[in-house]
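Colleague: I would like to go through the labels on this model and hear the reasoning behind them.

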Amino acid sequence: MNDLTHPNLAAIYPSPNERVIAKVRPALDVHSRKFIALSPFCVIASAGKDGSVDASPRGGHPGFVHIDSDDRLLMPDRPGNNRLDSLRNVSEGSGLVQLIFFVPGLNETLRVSGMAALSTEPALLARLKEFGKPPRSVLVIGVQEVYFHCGKAIMRSKLWSQEAQVARSAMPSISEIIHDQTRLGTPEPQHVTDARWREQL
């Protein structure tokens with residue numbers, strides 16, 4: 001890797017057109033609000049105080065990330081693996097996060113950047129109850145930048161196309177994979193893991 005030189009990006013890529021620059025908004029608008037309300041899934045990226053970066057999936061019912069105002073989002077934290085990478089990055093790092101929202105069937109995605117803080121305020125937790133229980137904490141995100149990505153990445157990947165779907169049998173169960181990697185725990189078939197996860201949503 002040390003023999004790589006920094007390319008002259010300006011010589012490789014043309015400048016973005018005026019619309020690509022102008023589409024960046026400082027807050028949510030009617031279109032981004034609707035997209036978030038339709039979205040059951042997003043990826044959140046955050047940076048730690050040591051410069052490490054984490055990107056984690058988040059999901060729930062459509063609109064699980066609540067719009068509190070045009071410049072504030074509320075993301076409930078649901079049960080996961082308890083590594084808490086994103087939450088530690090927010091509480092100990094810069095607090096800067098980026099979200100990319102997906103809507104099944106739509107090729108476009110939505111990016112939201114902002115500063116996040118962690119809250120365990122009881123009234124806020126009760127307000128964001130889902131799957132029959134409140135979250136353990138909530139990320140309160142102050143929106144700073146919003147823009148839509150074009151659909152080319154989703155189109156190239158055929159992510160929503162039925163013929164592109166991969167059979168679960170193409171991979172070992174997640175339990176078998178982790179057992180192979182760690183030799184910890186007891187490997188179990190995927191349907192057993194899925195059943196347990198459904199009880200923990």
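Modeller: Start with a cut-off: a residue is called buried under 20% relative accessible area, exposed over 50%, and partly exposed in between. The model is a predicted one. By that cut-off D77 is buried, and R58 is buried too.

Colleague: What makes D77 and R58 a salt bridge?

Modeller: The closest N and O atoms of D77 and R58 are 3.7 Å apart. The rule asks for a side-chain nitrogen of Lys or Arg within 4 Å of a carboxyl oxygen of Asp or Glu, so the pair qualifies. D77 belongs to strand β4 and R58 to strand β2, so this salt bridge ties together parts 19 residues apart in sequence.

Colleague: How many salt bridges does the rule give?

Modeller: The count is 7 salt bridges. One of them joins D85 and R83, with N to O at 2.7 Å. D68, R72 and R127 are linked in a network of salt bridges.

Colleague: Why is R83 called exposed or buried, and what is D85 called?

Modeller: R83 has 53% relative accessibility, and the limit for exposed is over 50%, so R83 counts as exposed. D85 has a relative accessible area of 27%, which falls between the two limits, so D85 is partly exposed.

Colleague: Which labels do R196 and E188 get?

Modeller: R196 and E188 form a salt bridge, their closest N and O atoms being 2.6 Å apart. At 34% relative accessibility R196 is partly exposed. E188, at 17%, is under 20% and therefore counts as buried.

Colleague: What makes L9 part of a nonpolar patch?

Modeller: L9 lies in helix α1, residues 9–12. With 53% relative accessibility L9 counts as exposed. Patch residues need over 30% relative accessible area and no salt bridge, and nonpolar side chains are joined within 5 Å. L9, I12 and Y13 form such a patch on the surface, with about 350 Å² of accessible area together.

Colleague: Why is the sheet called open or closed, and which strands are at its edges?

Modeller: The sheet is open, with 7 strands in the order β2-β1-β5-β6-β7-β4-β3 and antiparallel pairing. The edge strands are β2 (53–59) and β3 (66–69), each of which pairs on one side only. From one strand to the next, the twist averages 35°.

Colleague: How do you know that β1 pairs with β2 and with β5?

Modeller: Pairing requires at least two bridges, and β1 and β2 have 7, so they are paired, in the antiparallel sense. F41 has G59 in β2 as its bridge partner. The hairpin of β1 and β2 has 5 residues between the strands, and G51 there takes a positive phi near 90°. β1 and β5 have 6 bridges, so by the rule of at least two they pair as well, again antiparallel. There, S46 has V97 in β5 as its bridge partner.

Colleague: What joins β4 to β7?

Modeller: Strands β4 (residues 72–77) and β7 (residues 137–149) run antiparallel and are joined by 6 bridges. L73 stands opposite I141 in β7.

Colleague: Which strands does helix α4 lie across, and which residues of β1 are on its covered face?

Modeller: Helix α4 (residues 85–92) lies across β1 (41–47), β2, β4, β5, β6 and β7, at about 120° to β2. In β1 the covered face holds C42, I44 and S46, and the uncovered face holds F41, V43, A45 and A47. Helix α3 (residues 30–38) lies across β3, β4, β5 (96–102), β6 (109–119) and β7, and runs at about 75° to β6.

Conventions
Residues numbered from 1 in each chain as written. Predicted model: local features only at pLDDT ≥ 70, side-chain atom pairs only at ≥ 80, totals over all residues. Heavy atoms only, no water. Patch = residues over 30% accessible without salt bridge, like charges linked within 9 Å, V, L, I, M, F, W, Y side chains within 5 Å. Areas by Shrake-Rupley, 256 points an atom, 1.4 Å probe, with all protein chains shown as cover. Helix = DSSP H or I, 4+ residues; strand = E, 2+ residues; numbered from the N terminus. Buried < 20%, exposed > 50% of the residue type's maximum accessible area, 1.4 Å probe, protein only. Axes fitted to C-alpha atoms, helices over the stretch in contact; angles between N-to-C directions. Contact = heavy atoms within 4.5 Å.
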